[in-house]
Amino acid sequence: QVQLVESGGGLVQPGGSLRLSCAASGSTGNMYAMRWYRRAPGKQRELVSTIPTSGGSADYADSVKGRFTVSIDNAKNTMFLQMNSLKPEDTAVYYCNCLGRLGSADFVSWGPGTQVTVSS
């Protein structure tokens with residue numbers, strides 16, 4: 001199937017920016033969408049953004065609209081999340097996820113996550 005690895009997390013001050021990456025390997029040609037999720041301490045997992053691998057328009061959670069931008073470099077099998085104007089409430093572990101199909105079976109893959117901490 002597909003293996004995913006996130007990178008780019010870290011500590012940033014409020015108002016700052018970070019760029020997360022999600023590198024995909026394996027059966028990447030069978031993916032049809034990629035997503036970013038996050039889980040903040042004590043909260044449920046939240047879907048942050050979805051982008052089709054075909055290059056169509058992306059969707060965002062209301063909480064990040066206008067601040068986060070997702071993109072895909074298909075040549076490098078990598079998805080990015082540009083996060084600007086970061087707030088303390090953006091602190092979470094960020095996970096990338098992909099949806100795909102092999103034959104008649106759908107599959108889902110997850111990365112291990114990367115920590116983002118927004119604090120002064």
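Start at the N terminus of the protein chain and walk along it, and the elements you meet run β-β-β-β-β-β-β-β-β-β-β. In numbers, that comes to 0 helices and 11 strands. Keep in mind that what you are looking at is a predicted model.

**The overall picture**

How does the radius of gyration of the protein chain sit against the globule rule? The value is 14 Å, close to the 14 Å that the rule gives for 120 residues, so the chain is as compact as a globular protein of that length. Along the principal axes, the C-alpha atoms fill a box of roughly 50 × 25 × 25 Å. Of the 120 residues, 41% are buried. The accessible surface adds up to about 6,100 Å², and carbon and sulfur atoms account for 47% of that. Now take the contacts between residues at least 6 apart in sequence: 54% of these join residues at least 24 apart.

**How the strands pair up**

Let's look at some of the pairings. Strand S1 and strand S3 run antiparallel, with 6 bridges between them. In that pairing, valine 2 has glycine 26 in S3 as its bridge partner. S3 also pairs with S8, again through 6 bridges and again antiparallel. There, cysteine 22 stands opposite methionine 79 in S8.

S11 takes part in two pairings worth tracing. Strand S2, which covers residues 10–12, runs parallel to S11 and is joined to it by 3 bridges. S9 is joined to S11 by 3 bridges too, but these two run antiparallel. The table gathers some of the pairings with an example of residues that face each other.

| Strands | Bridges and direction | Example pair |
|---|---|---|
| S1 and S3 | 6 bridges, antiparallel | valine 2 and glycine 26 |
| S3 and S8 | 6 bridges, antiparallel | cysteine 22 and methionine 79 |
| S2 and S11 | 3 bridges, parallel | glycine 10 and valine 116 |
| S9 and S11 | 3 bridges, antiparallel | valine 93 and glutamine 115 |

S11 has a neat pattern of its own. Which of its side chains are buried? Thr114, Val116 and Val118 are, and they point to one face, while Gln115 and Thr117 point to the other face and are not buried.

**Inside the protein**

In soluble globular proteins, nonpolar side chains tend to be buried together. Here, the largest nonpolar core has 28 residues, and the ones with the most contacts inside it are Trp36, Leu81, Met83 and Tyr94. Plenty of strands chip in: S1, S3, S4, S5, S7, S8, S9 and S11 each give two or more residues to this core.

Methionine 83 is a good place to zoom in. Setting aside residues up to four places away in sequence, methionine 83 touches Gly16, Ser17, Leu18, Leu20, Arg67, Phe68, Tyr94 and Val116. One of those, Tyr94, is also listed with methionine 83 among the residues with the most contacts inside the core. Another, Val116, is one of the buried residues of S11.

**Two residues to visit**

Back at the beginning of the chain, valine 2 sits in strand S1. Is valine 2 buried or exposed? Valine 2 is buried, because its relative accessible area is 6% and the limit for buried is under 20%. Apart from neighbours within four places in sequence, the residues in contact with valine 2 are Ala24, Ser25, Ser27, Thr28, Met31, Cys98, Phe107 and Ser109. Valine 2 and asparagine 30 are 28 residues apart in sequence, and their C-alpha atoms are 8.6 Å apart in space.

Threonine 50 belongs to strand S5, which spans residues 46–52. Threonine 50 is buried as well, at a relative accessible area of 17%. Its side chain makes a polar contact of 3.4 Å with the side chain of arginine 35. Arg35 also turns up among the residues threonine 50 touches beyond four places in sequence, along with Met34, Ser57, Ala58 and Asp59.

**Two loops with a twist in the backbone angles**

Asparagine 77 lies in the loop between S7 and S8, and serine 85 lies in the loop between S8 and S9. Asparagine 77 has a positive phi of about 50° even though it is not a glycine. Serine 85, not a glycine either, has a positive phi of about 50° too. What is the relative accessible area of each? For asparagine 77 the figure is 30%, which makes it partly exposed; serine 85 is partly exposed with 41%.

How values were computed. Residues are numbered from 1 along each chain as its sequence is written. This is a predicted model: local features need pLDDT of at least 70, side-chain atom pairs count only at pLDDT 80 or more; totals for chains, interfaces and linings use all residues. Side-chain values use heavy atoms; hydrogens and water are left out. Helices (H or I, at least four residues) and strands (E, at least two) are DSSP runs, numbered from the N terminus. Buried means under 20% relative accessible area, exposed over 50%, partly exposed in between (1.4 Å probe, protein chains only). A polar contact is a pair of N or O atoms within 3.5 Å; within protein, one must be able to donate a hydrogen and the other to accept it, and residues adjacent in sequence count only if both atoms are side-chain atoms. Contact means heavy atoms within 4.5 Å. A nonpolar core is a set of buried Ala, Val, Leu, Ile, Met, Phe, Trp, Tyr and Cys residues joined through side-chain atoms within 4.5 Å. Two strands pair if DSSP finds at least two bridges between them. The radius of gyration is taken over C-alpha atoms; the globule rule is 2.2 Å times the number of residues to the power 0.38. Accessible areas come from the Shrake-Rupley method with a 1.4 Å probe; for residues, only the protein chains shown count as cover.
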